[in-house]
Amino acid sequence: MSMAGHESNSSSFRIGESAQEKGLPYIINHGICQSVLDDTLSSAFDFFRLPAAEKVKFMSNDVYKPVRYGTSLRDGIDKTLTSMPKKNEYPQRGVSSGIVDWEKIGRYCKEVRKLGLELMGPITESLGLSPNYMRDKLEEGMQVMVVNCYPPCPNPDLALGLPPHSDYSCLTIVLQSSPGLEIMDAEAGTWRLVPELPGALQVHVGDHFKVLGNGTYKSIAHRAILSRDTTRVSVVSFHSSGMDEKMGTAEELMDHHEERPYKKYRESSFRDFLNFLSTNDIGEGKTFINTLKIDN
């Protein structure tokens, strides 16, 4: 999906249609310079090359910590650096090493935030809502940056880097150093590797939008596979409303016609999701969206 001409009604329709049918698998012409993408991945690799004594300073299983590092599979990831940057703030608090250029990652953090806000308008408009329906909430909302490192695995067919899941966010934007992200082809019932496309970013519609549209949008199931020879890094930006802002189905969509006669999901906040994450293991197949389903 190209962002060129994204301000037009026809492009808004294409973005919305792609989000409903495919979950926006990737996007090109997004306006973020290739040098920014390259610098971000290079800085991410620099972090994971740090001595263990440096990285362990940020070790924590506390999902509420602004910056944390983990090596267990509890979150479904082998090695990860997570940051919850405030608006216009770099994810560098507490990092003392001069080896990693955190300003470069911070530059990407700002650029990808702007991209996320640009994508929101066409998506909500395709639901029949105002293109500004979510803008204020997203501008003041959550952006969580997760940097994942997947080392080589001698038996990649016997292990996963990240188990199947959907994201609890409005949008997730993924930058990766090499292929390894797979999405579920719901019609065929098979996993499909997202192809490598220079300069492209993967975009997933998350559970937030699935709830907002009462199931109209697909929160795409995806997973990460491992390579026998290559270390892969992904930089993931989650975009959501505020920590305690409740997301529910838009009342404007509930006209009780035959296609959408009732709400299918309970409302919830990002804090509710973090509480779920702190007490559940997605590696066991548990999903937050399933806890929101309403039996009718």
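**Exercise 1.** Is F288 buried or exposed?

*Solution.* The model is predicted. Step 1: the relative accessibility of F288 is 8%. Step 2: a residue is buried when this value is under 20%. Step 3: F288 therefore counts as buried.

**Exercise 2.** Classify F270 and F273 by their accessible area, and then describe their ring pair.

*Solution.* Step 1: F270 has 5% relative accessibility, so F270 counts as buried. Step 2: F273 has a relative accessible area of 17% and is buried because this value is under 20%. Step 3: F270 and F273 lie 3 residues apart in helix 7 (residues 270–279), which means about one helical turn separates them. Step 4: a search of the whole structure gives 7 aromatic pairs. F270 and F273 form a pair with 5.9 Å from centre to centre and 55 degrees between the planes, and this pair is tilted.

**Exercise 3.** Describe the ring pair of F273 and F288, and place both residues in the chain.

*Solution.* Step 1: F273 is buried, at 17% relative accessible area. Step 2: the rings of F273 and F288 are 5.8 Å apart, centre to centre, with 70 degrees between the planes. Step 3: an angle over 60 degrees counts as edge-to-face, and the pair of F273 and F288 is edge-to-face. Step 4: F273 belongs to helix 7 and F288 to helix 8 (residues 288–292); they are 15 residues apart, and the pair links distant parts of the chain. Step 5: ring pairs join Y168, F270, F273, F276 and F288 into a cluster.

**Exercise 4.** Compare the expected span of helix 4 with the distance between its end C-alpha atoms.

*Solution.* Step 1: helix 4 covers residues 102–126, which is 25 residues. Step 2: at 1.5 Å a residue, helix 4 should span 36 Å. Step 3: the end C-alpha atoms of helix 4 are 37 Å apart, which agrees.

Note on methods
Residues are numbered from 1 along each chain as its sequence is written. This is a predicted model: local features need pLDDT of at least 70, side-chain atom pairs count only at pLDDT 80 or more; totals for chains, interfaces and linings use all residues. Side-chain values use heavy atoms; hydrogens and water are left out. Helices (H or I, at least four residues) and strands (E, at least two) are DSSP runs, numbered from the N terminus. The expected span of a helix is 1.5 Å times one less than its number of residues. Rings of Phe, Tyr and Trp (its six-membered ring) pair if their centres lie within 6.5 Å; planes under 30 degrees apart count as stacked, over 60 as edge-to-face and the rest as tilted. Buried means under 20% relative accessible area, exposed over 50%, partly exposed in between (1.4 Å probe, protein chains only).
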